[in-house]
Amino acid sequence: MPTATATTVVATQLGHSVPHLPHAISVSLPTWKDTVDYEEGAPRVVDSMKTGYPRFFIHRSIQLLARIAERKFALPGERCLLFPSATVASECRSFLRRHSPTPVTVRLVQYMICPQSSTEKPTLIPPTSSKTIVVPSPCQASSSDSVELHIVLFPADSFPLAKSFWQHTGDGISSRMAEKCLEFLGVQPEMDGSPTITVRALATTAGGRYGKAKQPLKNGKKPIVPITTPTTTNGAPTPVKTYASEAEGDSLTNDHTAYLEERYGRSLPLSSYSVAKRALRRRIAGVLLRDSNSPSDPVEPLGADEAAVGESWRGVKNVSEDDVYLYPTGMSAIWHSHQLAIGSAEKRGGKAAGKSICFGFPYTDTLKILQKWGPGCHFIGTGLDKDLPEVRRIAQEAYSSPNPIIALFCEFPSNPLLRSPNLAELRKIADEYNFLIIVDETIGNFVNVDVLKFADIVVSSITKVFSGETNVMGGSMVLNPQRRHYTTLRNHLNSVYEDTYWPEDAVYMERNSRDFQHRINVINRNAEAIADFLRSQSEVYLRSSSSGAPAVQGKRRVIKEVFYPKWVTKENFDACRNRPVAADEGRGPIYPTGYGGLLSITFADPGAAQAFFDNLGCEKGPSLGTNFTLACPYTILAHYQELDWAAEWGVDANLVRVSVGMEDKEVLLGWFEAAIRAAEVALGD
């Protein structure tokens, strides 16, 4: 094993945002026990949570706005959730009525908020009304700065059920939308103080292969903590805590936040943000002739100039910006794609909607959507080539029934096992039995892979690597204009589509994504290097007849297996892998493509997994596709209440998922080597 470099890394305090920005979408859960205690509701963790992933933890600005709405409109014993449109609010009401174990009264309020709203008198809402109550607005009819808020009121004991709608659909209001409402109401949003910083010093070995250590940057500046001398326990590195100056920390955070907010156009009128959305749709469609890599460049040439676009490089003829639909989150795009499949079923096949097929073990909320809305789904959790006959059997049996299969959903590759389905064969079955193929390309991303040519619909969480900055949410849906049901799908979608993507979020997303090809190239190379290193230390590699690795008598490898598309269903991934284009070949990926930034690791025993995770030098928390490396005990975080069920599909309870970032490769290797050493100590061999 190579020797470790002297490296000091910085981890955020439990419960604080990662990164430390007002709209950050990840939260620090720095140890395995922190994650377990979070899932079990331990007060020491729950009380420490300043924020969380937005679909699971309702942002504090949204909570504050909800409390204001409850004081203004709620009856005793009622709570509320906030949504951006009447349609979404109505869907929430329908969900509550359909899934509540007892009859439930749900009331809707439409509330127009503008800068004069702070002087508005309270409005009494009839307690038995089933219609949407429209609150008289003091806004001027010509005002373009007003915000339309839709409030869903329900009995307090129905809040967990209502919260599941918020989580699954991803259609709740944005934290930036909430702050705009608070601003109009004259209310200051709550701000968190600077987190304390944990400094972890990895053991130094003179002359180590990784060379001189580099101190990572935080928010673009060096962390305000000293490098410390390693503390070791039985040879394993131990965290050393130190506390930053609150004054210095506040100054750093506030200055950086102010810079971002001002630079990215927070003060622009809401009506002027459509250009940013158009630039986003063009970038996702792959039609921009010349993209911008600089956040300081004006957006108009990308979103307003007709000469800026040409033929798409996404591998399908005639794809345009008009085939791209934006949503507030990735799950919102998935939920709406499922609604599109259901809503267009009769027009596509002359029959009512039947079940869908979930092919492969997906992200948890995708399966919940397919199960809780519509007729349900057939779950084929392994998603391997050996399962293709089962797909054919299910589709064939349903084809002659009144309710044929409407769609097959899959991820490319899947989360967290990184399996890539055989899209070419699935396409043949779909064409034969007339159902849609809907592919989530979030992890593969359209720089690395071309899945649109096999799909009717491609969805993605652009929150992830497309943005990379971990400060904004977003989702996209792309229709394939070359598929037989394109016209039907597009006409139906255009008849129901609502643009609920908050304008300020679109501005952040557009600027974040300008350099996404460059960032993906760096992440591809880093992740492959880490995956290669970890696999060389794995039991699977040791047992491989082609590895040539010598067995060590009586010594177990702490790593059992590494899941990464380079080895997992590689043929299926490579069948969709893009290749870079030369300057004279036209447009396409400008860097060598790769296998993406996500990998998962399983271990010899639970103690080794926990020691590895606790001693890994990167940030720990939910999400993926971040510019910095981020790890989590994925199965604990996503399936804690169903660990046995997850294990049935090969998702080990002790699996660690790592989203590799853009740090220096030598620093990354040092982090992972130190984590392996700690796991070896815990294993005791």
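Which residues of β16 point one way from the strand, and which the other way? To find out, in what is a predicted model, select residues 436-440, the stretch that forms strand β16. Leu436, Ile438 and Asp440 point one way, while Ile437 and Val439 point the other way, and all of them are buried.

Next, add residues 407-411, which form strand β15, and follow how this strand runs parallel to β16, to which five bridges join it. If you look for Phe409, you will find that its bridge partner in β16 is Ile438. Now show residues 423-433 as well, since these make up helix α14, and together β15, α14 and β16 make a right-handed β-α-β unit.

Then select residues 457-461, strand β17, which pairs with β16 in the parallel sense over three bridges. Here Val439 has Val458 of β17 as its bridge partner.

From the strands, move to the largest nonpolar core, which has 86 residues, and in which Phe435, Leu534 and Phe612 have the most contacts. Helix α24, residues 665-683, supplies the largest share of this core, namely nine residues. Centre the view on Leu534, which, leaving aside its neighbours within four places in sequence, is in contact with Ile559, Val562, Leu599, Ile601, Phe612, Phe672 and Ile676. Apart from this core lies another, of 83 residues, and you can locate it by selecting Val88, Phe95, Tyr111 and Leu598, which are among its members.

Finally, select residues 330-343, helix α10, which reaches 20 Å from its first C-alpha to its last. This helix is mostly covered, with ten of its 14 residues buried, including Trp335, His338 and Leu340.

How values were computed. Residues are numbered from 1 along each chain as its sequence is written. This is a predicted model: local features need pLDDT of at least 70, side-chain atom pairs count only at pLDDT 80 or more; totals for chains, interfaces and linings use all residues. Side-chain values use heavy atoms; hydrogens and water are left out. A nonpolar core is a set of buried Ala, Val, Leu, Ile, Met, Phe, Trp, Tyr and Cys residues joined through side-chain atoms within 4.5 Å. Buried means under 20% relative accessible area, exposed over 50%, partly exposed in between (1.4 Å probe, protein chains only). Helices (H or I, at least four residues) and strands (E, at least two) are DSSP runs, numbered from the N terminus. Contact means heavy atoms within 4.5 Å. The expected span of a helix is 1.5 Å times one less than its number of residues. Two strands pair if DSSP finds at least two bridges between them. A crossover is right-handed if, with the strands pointing away from the viewer, the path from the first strand over the helix to the second runs clockwise.
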